[in-house]
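Colleague: I am new to this structure. Please take one part and walk me through it closely.

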Amino acid sequence: MTGIATSGRAGRRPRPQLALLLAAGLVGVGTCLPALYLVIRAFGAEPAQLAEIVFRARNLMLLGNTLALVALVLAIGTLIALPMAWLVTRSDLRARGLVTFLMALPLAVPGYVMAYALLGLSGYYGFAREWFGVSLPPLHGLWGAALSLSLYTFPYIFLNLRAAFLGMDPGLEESAASLGRGRAEVMRHVVLPQLKPALISAWLVVGLYVIGDFGAIALMRYEVFSYAIYTQYAGAFDRTYAAWLSLMLLGVAALALFAQARLTRSRRFARVGTGVQRRVRPVRLGYWAVAAWGWILLVSLAALGLPLAVLGHWMRRGIGEIDWAMLAQAAVNSGIAGAVVAVLTVALALPVVLLTLRWPGRFASLTDRLAWMGYATPPLAFGLAMVFFTLAVIPFAYQSHGVLIFAWVMTFLALALGPLRLALMQIGMRPEEAARALGAGPGAAFARVTAPQLKGPMVAAGLLVFIAVVKELPLNWMLAPTGWRSLSTTVFGRTVEGMMTEAAPYALAIIVFSAFFVGLILKYEGVDRKESGRG
Amino acid sequence: MTFAPGNLIAGRFAAGIALALGLGQMAAADTLTIYSGRGEALVAPLIAQFEAETGIKTDVRYGSTSEMAALLQEEGTNSPADLFWAQDAGALGALAPVFAALPATENEKVLEVFRDPSNKWVATSGRTRVLVYSTERVEPANLPAKITDLTDAKYKGRVSWAPTNGGFQAFVTAFRLTHGDEAAKAWLEGMIANDAKVYKNNGTQIDAVAAGEVDFALVNNYYLGRYTAKDAEFPVDQTNFEAGDIGNLVLVAGVGIVEASDNKENAQKFIDYLLSPAAQQFISLQGYEYPVTPGVIPHATLESLDAVQAISPKVDVNQIGDLEGTLALLREVGLL
C-alpha cells in the first residue's frame with residue numbers, strides 16, 4: 001500500500017479512495033480469469049503432446065500471417081483516417097459535419113456483414129455479375145481479410161485523430177511557422193509528433209481487435225491465430241491446443257501493450273499557457289476539394305454502400321417472411337443489454353482512468369494494461385473461461401444475464417478508457433485544485449468541478465461500448481441465457497446453415513440501430529470540445 | 001467519509017451486478033432445454049409443433065454443432081442441457097461420454113444403415129457425401145470415377161474441400177478404416193499437392209463452384225437442393241462416384257440425451273417426436289435429407305435410399321465417431 005501512496009506525488013496527494021482500488025481489483029480479477037483458465041487447460045496435455053503442440057512450425061506461419069494482417073489493416077485504416085481527420089478539422093471543406101458522420105458510421109457495420117459484402121461483389125449472385133455481367137476475381141486471403149477489417153475499424157483511428165487535431169494547441173504550430181518553418185516542416189516536426197499518442201492508441205484498439213477477430217477472417221479464408229484457435233475448438237474439439245494458441249495470442253497482445261506503453265510514455269501535450277485556446281485558421285483546399293470529395297465518396301461507397309447494398313439484395317429475396325414481433329423483441333433485448341453494459345463499463349472505466357492519471361505507478365499501470373488484456377483475449381477463450389469458472393464457483397448464475405454482462409464489461413472496458421483519459425487530461429487538475437483551495441474536499445471538488453465536464457465524454461464512451469455490445473457475437477452466443485434472443489445471435493442462428501435471406505433483416509437492424517448511436521457519439525463529443533475550448 | 005463519487009459509482013455497480021445475477025435464472029425446472037447445432041430455419045417449426053402437440057415448453061440454444069460440442073464438454077456434469085441435436089456423427093461420437101444411454105430399442109426404430117450400435121444417440125436424418133461440379137466448365141465425361149482420381153494432374157487447383165467440416169472429417173475417418181491410415185495420408189497429401197482449395201463449410205464451397213473459383217467440391221448431398229429450388233438455372237450439379245467408392249459415404253445427423261439432464265422423460269418425448277412420420281417428412285421436404293424411419297417418402301429430388309445404399313461403401317457408423325486419429329492425421333498433413 002505504501003508503494004501506491006509514495007509512487008504518486010509523495011506527501012502532497014492522499015492515497016486513492018478505497019472505491020478506486022476496489023474497481024481496479026475487479027478489473028484485475030475479471031481480466032485474469034481467462035488467462036488462468038487457459039493455463040489450466042493448456043497443462044492438461046501429456047508432456048510429449050505438449051512439446052509437439054508448442055513447437056509446431058505451423059505456429060510460426062500463423063504468427064507471420066497474423067502480424068502481416070495487423071500491419072496491413074493499420075496501414076489501410078490510417079491511409080483512410082488520417083486525411084479524413086485532417087479534412088474535417090483543418091480544411092475549409094464544406095459539410096464537415098456530414099463527412100465526420102459518414103466516416104464514423106462504419107462502426108455500426110458488423111464484421112461478418114462487411115466480409116459478406118466484399119465477397120458479394122464477386123460470386124455467382126454477386127453485384128458485379130448481376131448488374132454489370134462481369135465476374136470479378138474473388139477477394140480472398142490477406143488482402144480480402146485486410147480490406148474487410150480496415151473498412152469497419154478505420155473509424156476508431158479517425159475518431160482518435162480527429163480528437164487529437166481538435167485538442168492541439170495551434171499556438172505551437174504558429175510559433176514554428178513564425179520561426180520560419182514551412183508548412184510541410186510544421187506538419188512533420190510539430191503536428192505529427194502531437195498526433196503520435198492518439199495514433200498509437202488507435203492502432204492498439206484496432207490491432208488488438210484484428211488479432212482476436214474471427215468472423216471476417218474465416219470468410220476470407222486467411223489462416224491467422226484466431227482462425228486456428230477457432231478451428232481447434234470447432235473442427236477438432238481440442239481444448240488443449242486451442243488453449244496454447246490462445247496463450248500465444250495473449251503473449252503477442254502483451255508485447256503490443258508493452259510497446260505501446262514504451263512509445264507513449266512521458267509525453268505531455270497539454271496546454272501550459274493561460275487564456276482561451278483558439279481555432280486554427282482552416283487551410284483553403286481550392287481545386288483539391290474535388291480530390292477530397294472523390295476520396296470521401298470512394299470510402300463511403302466501400303464502407304457503407306457495399307454492406308447496405310448486399311443486405312438490401314438479401315432482403316429483396318425474402319421481405320415477406322419477416323417476423324416483426326421477433327425482430328422487435330431481439331432489438332429490445334440487444335438495446336437493454338447494450339445500455340446496461342455501457343453504463344457499468346463507464347462506471348468502472350472512470351476509477352481506472354482516475355487511478356492511472358492521478359496515482360500513476362506500477363499498480364495503476366498494471367490495472368490499465370490488464371483492462372487491455374481483457375479486450376485482447378480471444379472471445380471464444382473468454383467465453384469458455386466464464387463457463388468454467390461460473391460452473392465451478394457460482395453454478396446458480398450459469399447462463400444468467402449477470403455473467404454475460406460481466407464478461408462484456410471486462411471485454412469492452414478498454415474501449416471506454418481512451419475517451420475518458422483524453423478528456424480528463426485536457427481538463428487537467430487546475431480547476432479542481434482551485435476548488436480545493438476554496439475549501440472543497442477532494443470528492444466534492446471532483447464531483448462539482450470535473451464531473452460535469454466529463455458528462456459528454458462519458459456518454460461518448462458509453463455509446464462506443466453500446467455499439468460494440470450490439471454487434472458482439474461469440475460471448476453473447478456462449479453465455480446468454482438459453483432462449484434469450486439478441487440481434488446478433490439471431491443473425492448467427494440464421495447464417496449458420498447459409499440462410500442469408502432470413503438473417504438479413506436482423507443484420508440491417510444492427511446497422512440502423514448502431515448508426516443512430518454513432519450520431520449521438522459525435523454529438524456528445526462535440527459538446528465536450530466546445531466546453532474544453534471555453535475551459 | 002466525505003462524498004466520494006468513486007464510492008457511489010462502485011455501489012451502483014455492485015447493485016447492478018447483483019440485480020443482473022438474479023435475472024435469467026428463472027427457467028422453470030420442467031422446461032426442456034435443447035442445444036441445437038442445426039439451424040433455426042429447420043428446427044424452429046418442428047419445435048413449435050412439438051410444443052403444440054405435447055404441451056411441453058422448450059428453450060432452444062442455437063449455434064454451430066462444433067461450438068455446442070465445445071460448450072457441452074466444458075459444462076460436463078453441470079450442463080443445463082437436456083438434449084443435443086447435432087449436425088454430424090463426429091460430434092455425437094465425441095460427446096458420447098456426456099450422453100445417457102438410450103432405451104434399448106431406440107435405435108431399432110431407425111433403418112439399419114443409420115443405427116448407432118452404442119445406443120448413445122439416434123439418427124434424425126441421413127445424408128450422403130457427393131461430388132458437386134460446375135455444369136459450365138465440366139463435361140460429364142470428365143467426371144472422376146473414384147474420389148482418389150481427384151489427385152490426378154487434370155484436377156489440379158480445381159477441387160475444394162472443408163477440412164474443419166464434420167462431414168468431411170467423418171469421411172476421412174471412413175477412408176482410414178476402409179483403406180488404412182497410409183492410404184488416407186497419401187490421398188490427403190496428394191490433394192494438397194494438387195492444390196485443393198480450403199473452404200469453411202459446404203455452402204461456401206457450392207458458392208465457390210457457382211462463382212468459378214473451383215470446378216469441383218466435396219460436400220454433403222442436401223445443400224445443392226436449397227439453391228436449385230430457388231433458381232433452376234443454377235450452374236451446379238452433383239454426382240456420385242462409382243459403386244462402393246468411399247466418396248459415396250452415408251452419414252447422419254442425430255440427437256442424444258445429456259446424462260446430467262433432470263428432465264429425461266420429456267427429452268425422450270422430443271426424440272419420439274423427431275422420429276414420428278410427420279417430423280421425418282418435414283425434415284426431408286424442408287432439408288433435402290433422407291428420412292431415417294421406414295415408410296416416409298423422401299424429397300422428390302433425392303435418389304432413392306435403396307440406390308444410395310447400393311453404391312455406398314460398407315462402413316461401421318459407430319467407428320466414425322472415433323475422431324482422434326483423423327484429427328491427428330489432418331494436423332500431421334497441415335490441414336488443421
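Modeller: Let us start from one residue in this predicted model. B:Gln268 sits in helix H9 of chain B, which covers residues 264–274. Is B:Gln268 buried or exposed? Its relative accessibility is 14%. Buried means under 20%, so B:Gln268 counts as buried.

Now look at what surrounds B:Gln268. Leaving aside residues up to four places away in sequence, B:Gln268 touches B:Leu102, B:Pro103, B:Glu106, B:Lys109 and B:Ile257. Follow the last of these contacts, B:Ile257. That residue belongs to strand S9 of chain B, residues 250–257.

How many of the eight residues of S9(B) are buried? Eight of the eight are. Take the strand face by face. On one side lie B:Val250, B:Val252, B:Gly254 and B:Gly256, all buried. On the other lie B:Leu251, B:Ala253, B:Val255 and B:Ile257, and these are buried too. Both faces of S9(B) are thus covered.

Next, the strands that pair with S9(B). Strand S3 of chain B, residues 83–86, is antiparallel to S9(B), with four bridges between them. Here B:Trp85 stands opposite B:Val255. Strand S4 of chain B, residues 122–134, also runs antiparallel to S9(B). Six bridges join S4(B) and S9(B). In this pairing, B:Gly126 faces B:Val252 of S9(B).

To retrace the path: begin at B:Gln268 in helix H9 of chain B. Step across its contact to B:Ile257. From there, follow S9(B) to its antiparallel partners, S3(B) and S4(B).

How values were computed. Residues numbered from 1 in each chain as written. Chains lettered and ligands numbered in written order. Predicted model: local features only at pLDDT ≥ 70, side-chain atom pairs only at ≥ 80, totals over all residues. Heavy atoms only, no water. Buried < 20%, exposed > 50% of the residue type's maximum accessible area, 1.4 Å probe, protein only. Helix = DSSP H or I, 4+ residues; strand = E, 2+ residues; numbered from the N terminus. Pairing = 2+ DSSP bridges. Contact = heavy atoms within 4.5 Å.
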